[in-house]
Amino acid sequence: MPEPMIRYNEPYRPQFHFSVPRHWMNDPNGLVWYQGIYHLFYQYKPDQGQGALHWGHATSQDLLYWEHQPLALYPHPRLGMVFSGSAVVDHTNSAGFQPPDHPYPAIVAIFTHASAQGQVQSLAYSLDAGVTWQEYVHNPVLTQANSPDYRDPKVFWYQPCQHWVMVLAEGHQIGVYTSTNLIQWQLQQAITDPSWQAFGILEMPDLVSLSVTPDSERYWVLQVGVQTGAPNGGYGTFYLVGDFDGYQFQCAHLAKVRWNEWGPDCYAGQSWSNLPSDQACISIAWLNNWHYARDLPTSPWLGSLTLPRQLKLIRHQHQLYLTQTPLNALKQLINSTQQLERQTIQGTQHLTSQLPPLACLHYQFNWSTTPTELTICLHNQAGDQLEFIYQTPTQEFILKRHSQAKLSLPSELSQDIIARLPWSTNSLNLQILLDTNSVEIFIEQGLVVITALWFGSAPLTHCSVVSHTTVELRGSVDQLNSTLNKNL
């Protein structure tokens with residue numbers, strides 16, 4: 001039977017977030033920049049969304065428009081399915097995969113093979129810019145006895161020591177390994193804390209070097225996925241800020257984790273490797289939650305990714321905090337902009353008479369007398385509503401989702417989402433991105449982020465603000481173009 005035509009205009013199809021044409025996808029994998037192209041691999045089930053996991057593949061020149069490529073990695077008859085992992089460019093041919101007469105370095109994927117016998121780490125390499133792949137004949141390269149939870153290797157080159165570094169999820173700890181050739185690995189450190197037992201099995205670690213805005217200091221940030229204990233829905237990602245000497249990550253207080261995301265629908269994030277030295281750290285994550293990932297009302301596809309985000313650190317009262325913001329490239333999608341005149345609000349104020357279905361909203365609130373509560377409501381005449389409430393006494397943000405869609409939705413998709421700003425402020429900066437099935441909210445330049453799935457009955461068309469004390473507002477609403485128009 002021939003494959004159905006790919007339309008990209010199905011109900012709830014994301015218009016500027018990455019999604020697969022059909023079937024199932026989850027974690028982003030193997031993110032690597034190679035010869036001017038961003039490569040995105042991802043967990044994929046091509047057999048009507050069933051069966052064993054493969055690596056799907058897509059490429060982009062700008063992280064906005066994606067071109068789908070053939071499947072990259074397939075399950076192994078003995079070692080099992082292809083789970084998550086990363087990819088690097090082996091510029092020095094340390095693994096020996098690049099033939100003497102080949103002009104370009106190999107892309108090497110480092111990933112987990114998973115079977116009933118356990119989980120092991122394996123290699124595959126490509127000599128044609130990711131089009132075709134060859135598995136290393138002596139896989140696996142890293143094993144552990146009785147290893148049901150031993151996965152998700154993230155590998156990078158550590159220039160000062162001239163070796164590769166791997167961070168690996170090992171049950172309730174993160175292993176740090178080093179290698180000179182990507183094949184033989186030595187354990188250097190096991191990072192753990194007794195408090196981490198509450199998080200369940202750890203997953204998807206990432207260790208990156210980030211600069212502190214606005215100065216040029218750099219620190220290392222370890223991000224770790226957890227299966228339970230995160231805000232608003234169990235699955236989530238915590239981060240720690242510390243130092244790394246090429247062998248060991250040092251953090252003064254391992255138990256004092258912070259969350260990189262407060263929404264329930266951002267998981268398994270990973271950063272791109274091999275980016276040019278003048279480019280900031282960029283990460284992307286799965287826009288979903290394992291509690292209901294298989295029960296979403298989308299067809300013929302199931303799964304999408306967040307927008308790519310730039311990662312930075314900021315300092316506040318001698319503490320370092322991770323920030324995440326959409327890339328500046330997103331501005332290329334702006335079709336038109338509606339500027340909101342600077343205005344004073346007390347009571348209820350209707351801001352816009354017609355929100356575009358795909359929108360980026362920028363709001364800046366200021367106040368001299370602190371409001372007890374500030375509410376921004378996005379709604380339509382059908383009764384669908386996204387209500388965003390900021391309660392200043394507790395610095396809490398509450399996202400309420402009300403849908404009139406006649407769908408059998410998981411109950412979690414109507415639960416309130418609560419986030420918290422780490423310090424008080426007399427202003428509030430918001431960037432709200434609306435796609436057809438999700439909302440991403442960046443608060444205070446990405447200090448607090450909320451990502452949530454959203455299935456309404458119709459596009460949200462109006463915005464109003466409620467404040468019982470006087471606040472000053474300025475802002476704008478951008479109408480965004482779809483990145484899928486060329487496929488319709």
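1. Let's start with a sheet in this predicted model. Five strands, written here as 5 strands, form an open sheet in the order β4-β3-β2-β1-β20, and their pairing is mixed. Which strands sit at the edges? They are β4 (67–73) and β20 (301–302), and each of these pairs on one side only. As background, strands of a sheet pair through backbone hydrogen bonds, either parallel or antiparallel.

2. Now have a look at one end of that order, where β1 meets β20. Strand β1 covers residues 23–34, and 2 bridges join β1 to β20. How do these two strands run, parallel or antiparallel? They run parallel. If you want a residue to find on screen, try W24, which stands opposite L302 in β20.

3. Next, the charged side chains. Side chains of opposite charge can pair when their charged atoms come close. How many salt bridges does the structure hold? There are 11, and the next points visit some of them, including the one between E203 and R151.

4. The side chains of E203 and R151 form a salt bridge, at 2.9 Å from N to O. E203 belongs to strand β13 (residues 202–213) and R151 to strand β9 (residues 150–158), so this pair ties together parts that are 52 residues apart in sequence. Are E203 and R151 buried or exposed? Both are buried. The two residues also belong to a network of salt bridges that links D149, R151, D152 and E203.

5. A further salt bridge brings together the side chains of E440 and R309, with 2.6 Å from N to O. This pair links distant parts of the chain: E440 is in strand β30 (residues 438–443) and R309 is in strand β21 (residues 309–316), 131 residues apart. E440 counts as buried because its relative accessibility is 0%, and buried means under 20%. R309, at 2% relative accessibility, counts as buried too.

6. Finally, please check E396 and R420, whose side chains meet in a salt bridge at 2.4 Å from N to O. E396 lies in strand β27 (residues 396–402) and R420 in strand β28 (residues 417–420); the pair links distant parts of the chain, 24 residues apart. Which of these residues is buried, and which is partly exposed? E396 is buried, because its relative accessible area is 15%. R420 has 37% relative accessibility, so R420 counts as partly exposed; that label covers values between the 20% and 50% cut-offs.

Notes
Residues numbered from 1 in each chain as written. Predicted model: local features only at pLDDT ≥ 70, side-chain atom pairs only at ≥ 80, totals over all residues. Heavy atoms only, no water. Salt bridge = Lys/Arg side-chain N within 4 Å of Asp/Glu carboxyl O. Helix = DSSP H or I, 4+ residues; strand = E, 2+ residues; numbered from the N terminus. Buried < 20%, exposed > 50% of the residue type's maximum accessible area, 1.4 Å probe, protein only. Pairing = 2+ DSSP bridges.
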